[in-house]
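Thanks for coming. Please have the sequence and the structure open while I talk. I will go from the inside of the molecule outwards.

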Amino acid sequence: MKLTNLFSKEIPVFLAPMAGVTDAPFRRIVAEFGASAVVSEMISSEALVRNSQKTHKRLVNDSNLKIIQIVGADPKKMAESAKINEACGADIIDINMGCPAKKIINSEAGSALMKNEKLAVDIAKSVVNAVKIPVTIKMRLGWDSDHKNCLILAQQFEQVGIRMLTIHCRTRNQMYTGTAKWDEIFPLNDLINIPYLCNGDIKNTIESSIALVQSKASGIMIGRAALGRPWMLQQIRTSINNQTIPPTPTTEEQYRIVINHFNQTLDFYGELHGIKIFRKHFCWYSAGMTNASHFRERINQLESKTEVLSLIQRLYESV
């Protein structure tokens with residue numbers, strides 16, 4: 001599947017890249033539910049060029065379309081990272097210009113690039129020229145309320161060959177607080193010819209429809225709404241395309257989803273590390289359930305697969 005094919009038949013819904021969350025097992029689960037596309041965790045260009053084993057592990061992707069997100073502030077190293085990803089089978093390279101984390105900002109990468117438009121465009125151009133596959137960018141409205149430059153940057157990115165944009169409709173200084181302003185990217189519909197996705201605060205089918213109307217975006221990207229609800233992207237995709245919306249899985253079906261996700265995580269990381277990795281997913285899956293707080297307290301103490309499976313079974317049987 002190619003990038004252009006995603007927009008040819010329906011309005012697509014992408015899974016957003018989330019550090020420490022959208023690893024290969026989680027992407028696989030969401031893709032199986034019918035997401036249009038899933039994006040990897042951000043991969044440091046510095047670490048990839050240094051041949052980091054941990055970074056290479058993030059390249060694994062079993063979905064039909066392999067979208068790898070890279071982050072960095074050096075055009076040459078970003079280009080080299082893109083080449084490595086292309087050689088490893090990536091179908092699309094996505095450049096992170098939206099991460100608001102201090103660690104990333106302190107290295108002048110992520111959303112810090114929105115303060116340095118020349119460097120941002122140089123990185124985009126360098127990566128585009130380094131690979132044959134499409135290059136996309138995920139960014140924010142701007143650095144703060146006084147410096148919202150996504151509309152200007154979007155036009156420059158298109159000129160250097162970027163094929164798609166995703167805009168998280170908050171500024172960097174907002175982090176993940178406040179309300180995402182979907183309507184502020186509406187002008188892109190007339191300013192650029194490449195597709196763009198609306199991201200931020202889209203938690204259900206109703207909000208996805210409103211976001212599309214207000215942003216005039218070509219598609220939707222979902223992040224935190226998928227945590228503990230990997231089926232949500234399919235429900236949103238069918239809703240905005242006027243298709244039959246699949247019902248929310250029953251408690252018994254959700255139990256099987258959790259077990260499947262858990263087993264895939266252990267297969268990928270090994271038992272001990274996999275259990276630790278999956279603890280956050282247990283919190284998200286159990287949100288709102290009876291005895292969930294006690295379950296989360298107990299699950300964080302267990303290090304045996306057998307004990308964990310027994311506790312999960314007891315939780316879902318009680319529901």
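The largest cavity has a volume of about 60 Å³. This is a predicted model, so please keep that in mind throughout. How many cavities of 30 Å³ or more are there? The count is one.

Which residues line the largest cavity? Going along the chain, the lining begins with Phe14, Pro17 and Val39, followed by Ile67, Gln69, Ile92 and Asp94. Then come Thr136, Lys138, Met164, Thr166 and Met221. Sorted by class, that lining has seven nonpolar, three polar and two charged residues. Four strands each give at least two residues to the lining: strand E3 (66–71), strand E4 (92–97), E5 and E6.

Next, the largest pocket. The space in the largest pocket is about 560 Å³. Its lining consists of 28 residues, and the closest to the pocket centre are Pro17, Met18, His168, Tyr176 and Arg224. Pro17 is therefore a residue to find on your screen: it lines the largest cavity and is also among the residues closest to the centre of the largest pocket.

By class, the pocket lining has 14 nonpolar, seven polar and seven charged residues. At least two lining residues come from each of strand E5 (135–142), strand E6 (164–171) and strand E8 (219–222). E5 and E6 also each supply at least two residues to the lining of the largest cavity.

Now one single residue, asparagine 149. Where is asparagine 149? It sits in the loop between E5 and helix H7 (150–159). Is asparagine 149 buried or exposed? Its relative accessible area is 7%, and buried means under 20%, so asparagine 149 is buried. Leaving aside neighbours within four places in sequence, asparagine 149 is in contact with Met114, Glu117, Leu141 and Gly142.

Last, the protein as a whole. It has 14 helices and eight strands. The C-alpha trace spans about 55 × 45 × 35 Å along its principal axes. For 319 residues, a compact globule would have a radius of gyration near 20 Å, and the protein has 20 Å, so the two agree.

Of those 319 residues, 55% are buried. The protein exposes about 14,200 Å², and carbon and sulfur atoms supply 48% of that. As for contacts between residues at least 6 apart in sequence, 67% join residues at least 24 apart.

That is the end of my part.

Definitions and conventions. Residues are numbered from 1 along each chain as its sequence is written. This is a predicted model: local features need pLDDT of at least 70, side-chain atom pairs count only at pLDDT 80 or more; totals for chains, interfaces and linings use all residues. Side-chain values use heavy atoms; hydrogens and water are left out. On a 1 Å grid over the protein atoms alone, a cavity is a set of points where a 1.4 Å probe fits but cannot get out, and a pocket is an open set with protein on both sides within 12 Å along at least five of seven lines; lining residues have an atom within 4 Å of a point. Grid points are joined across faces, edges and corners, and a volume is the space filled by probe spheres set on the points. Ala, Val, Leu, Ile, Met, Phe, Trp, Tyr, Cys and Pro count as nonpolar, Asp, Glu, Lys and Arg as charged, and the others, Gly among them, as polar. The radius of gyration is taken over C-alpha atoms; the globule rule is 2.2 Å times the number of residues to the power 0.38. Buried means under 20% relative accessible area, exposed over 50%, partly exposed in between (1.4 Å probe, protein chains only). Contact means heavy atoms within 4.5 Å. Accessible areas come from the Shrake-Rupley method with a 1.4 Å probe; for residues, only the protein chains shown count as cover.
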